[in-house]
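The following exercises ask the reader to work from a structure to statements about it. Please keep the sequence and the model in view while following each solution.

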Amino acid sequence: MSILLLAEITDSTLSLDITARAVAAASKLGDVTLLCVGSSVADAAAEAATIDGVSKVITAESDALAYRIAEPTASFIVSIADGYSHIIAPATNDAKNILPRVAALLDVMVISDVIEIESEDTFQRPIYAGNAIQTVQSSDATKVLTVRTASFEPAQLTNSAPIEAINTPTLPTLSTWVEDKVEVTKGPELSSAKIVVSAGRPIGSLDNFDIVKALAGKLDAAVGASRAAVDAGFAPNDWQVGQTGKVVAPNLYIACGISGAIQHLAGMKGSKVIVAINKDPDAPIFKVADYGLVGDLFEIVPELTEQLS
Ligand code: FAD
């Protein structure tokens, strides 16, 4: 098997943990060629070459590939797809945009959110907000997959794979980049954080998130939110955990004032230890929690933060 894996690169910076997890998944199938695309990817490629399981890193630099726009990136991937049995990417927002287009151009199906690789043609993926696991067998000539990185441990970093630069053909300009509006947050990135502290609708405002941020700061944790908190404008979109947000599987997930709707659980129930703080002892979140604290989050969260000091 010959695998082409799209490295997760944003503004020339490699997301090492996410890419190393995707490599761990892809290397179950065979030799992994890691593709680094962007306007300037030399540093990202050098870092990517250290990931165990990577047999070669290929780089493609072009302004058309700078902003992870689906049309040029998919077109480029298809231009080099010959000879690869599998084209894989981590199931990030960018790859969820790019890989379906790759699959359509190759006239094959995309198999999204893979959580287990059974064999070269058989994969497991969650459906119904994670309430059932579907096993998919594909007879397509080229398998196009996105993998949920939270389901795979990251590959080690002891490698020194060769790096090869390739030329980019003329790429489509169906859409052009205008601007990125990025919410800059301190602390670890939500998708790969080892600890996540999330709050739900009762947090009441963006300012009130300060108590959650204070606890997260003590634990070196990322801050998350339920969709109800995001929809109410209390938290930015990219904090949302769940079926329509990010899927996380940290060592510790602390849910503050989150009811435990299935759509939220779909994004965090793979966490190793779950702590729920909720004033309703019958809240569904307690069914998945390892530890439950019944009470008001506005009292418990600051107290926890103080105890940790
Ligand atoms: P609520 O349902 O309002 O629950 C608040 C909880 O906090 C309650 O359990 C209450 O007892 C408790 N509480 C109240 N005050 C306090 C206090 N002072 N201290 C402690 N506890 C308190 N949701 C997501 O989160 N992520 C998703 O990705 C997502 N995707 C969705 C996709 C679809 C198609 C649909 C239909 C829904 C989706 N939802 C998602 C929404 C989901 O169904 C719930 O509506 C949402 O998760 C509820 O958020 P919440 O628990 O913060 O709010």
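Two strands are said to pair if DSSP finds at least two bridges between them. The structure shown is a predicted model.

**Exercise 1.** Determine in which sense E13 and E15 pair, and place them in their sheet.

Solution. Strands of a sheet pair through backbone hydrogen bonds, either parallel or antiparallel. E13 and E15 are joined by five bridges in the parallel sense. Within this pairing, Ala199 stands opposite Cys256 in E15. The sheet is open and has five strands, in the order E14-E13-E15-E16-E17, with parallel pairing. E14 and E17 (291-294) are its edge strands, since each pairs on one side only. From one strand to the next, the twist averages 15 degrees. H9 packs on the sheet and touches E15, E16 (273-278) and E17; the direction of H9 makes about 135 degrees with that of E16.

**Exercise 2.** Identify the buried residues of helix H5 and state against what they pack.

Solution. H5 comprises residues 209-219, and its buried residues are Phe209, Val212, Leu215, Ala216 and Leu219. These residues lie on the same side of H5, because they cover an arc of only 120 degrees around the axis. They pack against strands E13 (195-199), E14 (222-225) and E15 (252-256), and against helix H9 (297-308). Just after H5, Asp220 takes a positive phi of about 55 degrees.

**Exercise 3.** Is Val32 buried or exposed?

Solution. Val32 lies in strand E4, residues 31-38. A residue is buried under 20% relative accessible area. Val32 has 0% relative accessibility and therefore counts as buried. Beyond its neighbours within four places in sequence, Val32 contacts several residues, including Ile3, Leu5, Val23 and Val54.

Definitions and conventions
Residues are numbered from 1 along each chain as its sequence is written. This is a predicted model: local features need pLDDT of at least 70, side-chain atom pairs count only at pLDDT 80 or more; totals for chains, interfaces and linings use all residues. Side-chain values use heavy atoms; hydrogens and water are left out. Buried means under 20% relative accessible area, exposed over 50%, partly exposed in between (1.4 Å probe, protein chains only). Helices (H or I, at least four residues) and strands (E, at least two) are DSSP runs, numbered from the N terminus. The arc is that of the directions from the helix axis to the C-beta atoms. Contact means heavy atoms within 4.5 Å. Axes are lines fitted to C-alpha atoms, for helices over the stretch in contact, and angles run from 0 to 180 degrees between N-to-C directions.
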